[in-house]
Amino acid sequence: MEPQALRRSLSSRDLIVYGLLFIGPLAPVGVFGVLDAKSHGSVALVYLVATLAMAFTAVSYAQMSRQVPHAGSVYAYAGIGIGRPAGFAAGWLAMLDYLLIPAVGYLFCGIALHSLVPSVPAWVFTAVAFVSTTLLNLFGVRLAARVGFVVLLVEIVLLAVFVVAAVVVLIMDGPARPWTSPALGVGGITTAAVMGAVSVAVLSFLGFDAIASFAEENTGDERQVGRAVLFCLGVAGLLFVLQTYLAGLLMPVSPHHLAQAPAEQGTAFYTMTRTAVGVWMQRTFAVVKGIGPAFTAMAAVAAASRLLYGMARDRGLPKALAAVDERSQVPRAALLTTAAVSLVVSVWAARRADGLDVLVSIVNMGALAAFTLLNVSVVGYHVIRRGSRRWIPHLVVPVLGAAVCVWIMVSATTLAKIVAAGWLVVGAVVFAVGGRTGGRAGGRAGTSLSPAGRAAGGTETGAPSVPGR
């Protein structure tokens, strides 16, 4: 008996809401000080370069989402572009990202709100955020998207208020740093400094790919998912450049000072808002940044559950995870599994002094490794399988995208690399067991093509036959 399909209920706006919620319009706030110190003050330039760097991978997502419009995103894409083992590896690595991002969000939420209300323990805020967002996900993807839209709107309104307030301050009092400093740095910049900061800044964009996980719940045609992916990346990049340009102009201390005082880097953006605009702006940012991560976690849990659902439906994971609730039409078992893992990990991280740093580094490795396989799948599907001669979109762009991801992974911490390698070994064991217990070559649903893909010569079932394999 085939698993029940997901309900098509997400409009283009809903997809964009999930994507921007996952990324977070205010993502630069937490890392602004780190980037300012690393780039000698040229944070706006750093985010511009980071946007262009991630655009290569976004284009690859857009291309593959049109050909393989199924839940599981990178798992399905790599499976049909490279082969079933690579597809499982991509999904398994992406799972490391999707399962841990909610824990990071819940942890951020508890820590931030506890700092505002010290009398309430951080775990209480974490628990409230976990329960409320999990219930929203269980009630249905449409309701979660509507609530998420309200939260997203609040973040965008706050950002707009900051932009207006910053412009007024600049007109009335002038900048604290030279007008060109957010692009050219304070006292000059170097390529090494900018690129070193870019390797950190690209992590602010992690999450735009989650849109592709909802492909089977998309109410439009196959192109709608790809458009939403590119739109979210473009909007996020624009918002990041704008807010960091203004913050760079109003920053009261120099990049050199921040480099010499690492403890001040995490709160640099809040210091800037308090000094330049007022305490009210600082506190408002703190409240919104305390609540927002909970809804980032909500979007992450929803995306992770679709990844588990897609892999389970293709028999790569236990079949129970492919069950769909008849009333809400969501993969309830996969949702609850993801939520449970997120809760356990967030509690574990909260008990460690370096818990947040460890989580973030591991999340980055999982996402970037999956991105690399995604880019390779574009080459495998279009150039090797179909013999495409469109060298720019089907070879140059994905190769550059993969190169960017590998470059960033090389700079990851040793612990993150060890955890990622261990996770991949566990995945190899799971894949080997699954292969013996009934997994067809990629499954039917997970690798079937869109009408456009079939017209181009794709197959309906099984892992595609790649010349030379």
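In which handedness of crossing does α5 pass α6? In this predicted model, the crossing of α5 past α6 is right-handed. The two helices involved span residues 84-116 for α5 and residues 122-139 for α6, and their axes sit 7 Å apart at a packing angle of about 135°. That angle falls outside the window for antiparallel packing, which starts over 145 degrees, so α5 and α6 end up oblique to each other.

As for who touches whom, α5 brings Y106, C109, G110, I111, L113 and H114 to the contact, while α6 answers with A122, F125, T126, A129, F130, T133 and T134. Sorted by class, this α5 and α6 contact comes out as eight nonpolar and five polar residues, with no charged ones at all. One of the α5 participants, C109, has a relative accessibility of 3%, so C109 counts as buried, the limit being under 20%.

Helix α5 has another partner in α4, a helix covering residues 74-81. Here the axes come within 6 Å and cross at roughly 160°. With the cut-off for antiparallel set at over 145 degrees, α4 and α5 are therefore roughly antiparallel to each other. The handedness is again simple to state: α4 passes α5 in a right-handed crossing. On the α4 side the contact is made by V74, Y75, A78 and G79, and these meet R84, A86, G87, F88, A90, G91 and A94 of α5. The class tally for α4 with α5 is seven nonpolar, three polar and one charged.

Zooming out, what kinds of secondary structure does the protein chain hold? The tally is 18 helices and zero strands. The chain runs to 469 residues, and 57% of them count as buried. Contacts also reach well along the sequence: looking at those with a separation of 6 or more, 82% come from residues 24 or more positions apart.

Cysteines deserve a quick word too. How many disulfides does the structure hold? The count is zero. C232 has a relative accessible area of 0%, and because buried means under 20%, C232 is buried. C109, at 3%, is buried as well, and this cysteine belongs to the α5 side of the contact with α6.

Put together, α5 makes a right-handed crossing with α6 and is passed by α4 in a right-handed crossing. The α6 pairing is oblique, whereas the α4 pairing is roughly antiparallel.

Methods: Residues numbered from 1 in each chain as written. Predicted model: local features only at pLDDT ≥ 70, side-chain atom pairs only at ≥ 80, totals over all residues. Heavy atoms only, no water. Axes fitted to C-alpha atoms, helices over the stretch in contact; angles between N-to-C directions. Helix = DSSP H or I, 4+ residues; strand = E, 2+ residues; numbered from the N terminus. Parallel < 35°, antiparallel > 145°, perpendicular 65-115°, else oblique. Left-handed = near helix turned anticlockwise from the far one by under 90°. Contact = heavy atoms within 4.5 Å. Nonpolar A, V, L, I, M, F, W, Y, C, P; charged D, E, K, R; others polar. Disulfide = S-S within 2.5 Å. Buried < 20%, exposed > 50% of the residue type's maximum accessible area, 1.4 Å probe, protein only.
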